[in-house]
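Work through these exercises with the model open beside you. Try each task before reading its solution.

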Amino acid sequence: MIADLAHFSIGPDYWWVVLIKGVIVLGFLATAAAYLTLAERKVSAHIQLRIGPNRVGPFGLLQPAADAVKLLFKENTAPAGRDKLLFWLAPALMAGAAILAYAVIPLSGTTNVNGYALHWNMAHVNVALLYVLAITALGVYAIFLGGWAANNKYSLLGALRSSAQLISYEMAVAFALIGVVILAHSLDLEEIVNAQQHAWFIVMQPLAGLLYFVGALAETNRLPFDLPEAETELIAGYHTEYSSMRFGFYFLGEYVNMVTVCSLATALFLGGWLPLIPWIHSDWLGGLVGVMWFLGKASILLFLMMWIRWTLPRLRYDRLMNLGWKVLLPLGLLNIVITGSVVAARAAS
Amino acid sequence: MTVNPVAFYVIAVLVVATAIAVVAVPNIIHAAVALIACFFMVAALYLAIGADFLAATQLLIYAGAIPVLIIFAVMLTRGSMRREGNSWVRWWPLALLVTMGLGAVLLGVFAVSHDRWHRGTYPQRLLDDGTTRTIGDALLNRYALPFEVASALLLVALVGAVLLARRDESEAVLERSEEERRQREERVRHRREERDRARRARLRDGVSTPDEST
Amino acid sequence: MLSSFGNIAIFAGVAVGIPAGTLGLALLLGRLLRVRRPHPAKDDTYESGMSTRGPAWVQFNVQYYLYALIFVLFDVEVLFVVPWALAYRDLDKGYGFAEIALFIAILLAGLGYAWRRGALEWE
């Protein structure tokens, strides 16, 4: 009976393997998000010649835990005129969409463990790239519905601005990724990484990489594109009225989104888990080393995002929309044409 | 390739339930949320029959883009957002009739097709590689003309959209919101100036205020 | 490969179940530990210290709608380009390139039109 249950599978994977992976990924994302907040405060502090949090634990390392406890137990104040259902649903959707998008990102190449093909992601699917785009696109609703549900003018303004911003940049990002798809000949992220054995795509697709990174900053509402919560104009934008764990979910979603876009950028442009120093990749240890490479590259991108946030000023809203529609989108199309013609020319010669 | 019956029925029930919610819920934004859920479930249904690209399309366009359009359209209509009125329109018997007619047509097609629709075996190649590349091949070789025509169709839709939403049609409305916005901006600018002045004053006095917004 | 989407369903279960459990527990504990002092001011809508005037659910700028319309159209175009990009390597290059060049040219004509008519202008 127990043995039967252990071998029951939905498709190629045992359900309990998936379950364990799911718990690990969830734990990893939650921890990463928590420590990113600490990292962000430390980075901003050093950029502004301060020290940053240093009281809770050595070097402030327990600060995220303290913050989490505070967020969980704080009183849940909420405006009386809110939409009760969506006021809960929207923050949960924000965190949920951000976490679900991570399901298809491969942290390392498939490794063989006693004849079982261990994938280093939750689900190995063909249309992985489209899946990530589609799921992260759901974040628009979390922001819009959240701002709307609060029945606060600042919230609604922030929500509208933010959703218009997100849809504008989603477009540009999607077109930028087409060049990668042409070169990799696949939408499967694992195959896309494997196609970079000889040269990372950032070398072959520098324009696409740049477009994606700019788009990613906008998609995660980071400075210089953090218009939705421009605190000088809109208090805190769409999450003005959210307190306690409702705010916590938005916060979590935002930082998990950062991890997701940086991981995706790593897989698409920085060669994913492919090492700079060669390492034979067959057993599970090799797989783990791959994960280290992957996370190392992603961390550099994350640091870059923080650096940009604390260095650049915020864009004005009309300029932001102009950048999306009149610069990034045409450049994305141009990138498709360039990539297409180069591939055609090389095939002809 | 067979459809897992349990998965199919679970998804089907959810599709129908969310679809009913769309028409039955009085609050229009709630209805939009139910619509998103419904589209999402339809994508799951496509996955269950092995159409992965179609599912991704459904997710991106129907779950991810169309409801944004609908919600923005709702935001344009004054006051309709809060009206928790009766969701039954006056002509509901007509709607019922149309729906039943459509259902009858579908059942009719089902009946005369004698199972032909699932005779073909699902190629293993598609299960392994996914359907996207095959669709691409088909689009560019056999259906090249429809592919280009689709582009022209989208162009027409874009031109139509721009014309439709152009300024002069809704001049009065715009002017009003324009005025509101100007006033709002005025207030914001005023506040920012005051803040700046205060900050400069503080800086002059040598008191630094580190940005602790995180 | 396809059935891997079942994995996503399992993951969704984990991603909903564990946070919901934690949250429920925290809410329960919070209710037990916290002092309860309801006050009407806590239920107020925040409006920079002024008393709130009117609902926030008012009519909004038509520009947002226009962006959403153009967004939907371009989203559809992306999904036409993706299968092309995947199949491109197996195609006859000159032919495949001509096809997508025409497609993108028509796309650009649309974008140019919207641009010239000021549909992309944020006022």
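**Exercise 1. Find the residues that meet Asp67(A) and Arg309(A) in salt bridges.**

Solution. Start with Asp67(A): its side chain meets that of Arg41(A) in a salt bridge, 3.3 Å from N to O. A salt bridge here is a side-chain nitrogen of Lys or Arg within 4 Å of a carboxyl oxygen of Asp or Glu. The pair links distant parts of the chain: Asp67(A) is in helix α3 of chain A, Arg41(A) is in helix α2 of chain A, and 26 residues separate them. Helices are DSSP runs (H or I, at least four residues), numbered from the N terminus. Asp67(A) is partly exposed, at 22% relative accessible area. The classes are buried (under 20%), exposed (over 50%) and partly exposed in between, with a 1.4 Å probe and protein chains only.

Next, Arg309(A) pairs with Glu40(A), with closest N and O atoms 3.5 Å apart. Arg309(A) sits in helix α13 (residues 284–309) of chain A and Glu40(A) in helix α2 of chain A, 269 residues apart. Arg309(A) is buried at 16%. Glu40(A) is buried at 0%.

A note on the model. It is predicted, so local features need pLDDT of at least 70 and side-chain atom pairs pLDDT 80 or more, while totals for chains, interfaces and linings use all residues. Residues are numbered from 1 along each chain as its sequence is written, chains are lettered from A and ligands numbered from 1 in the order written, and side-chain values use heavy atoms, leaving out hydrogens and water.

**Exercise 2. What is the nearest side chain of opposite charge to Glu190(A)?**

Solution. Locate Glu190(A) in helix α8 (residues 189–194) of chain A. Glu190(A) is buried, yet has no salt bridge. The nearest side chain of opposite charge is Lys21(A), 8.9 Å away. Lys and Arg count as positive, Asp and Glu as negative; His and the chain ends are not counted. Now list contacts (heavy atoms within 4.5 Å). Beyond neighbours within four places in sequence, they include His119(A), His124(A) and Trp273(A).

**Exercise 3. How much area do chain A and chain C bury between them?**

Solution. They bury about 6,500 Å², 76% of it on carbon and sulfur atoms. Buried area is the accessible area (1.4 Å probe) that two parts lose on being put together, summed over both. Count residues next: chain A gives 79 and chain C gives 62. Then check for salt bridges across the interface: zero.

Note on methods:
Helices (H or I, at least four residues) and strands (E, at least two) are DSSP runs, numbered from the N terminus.
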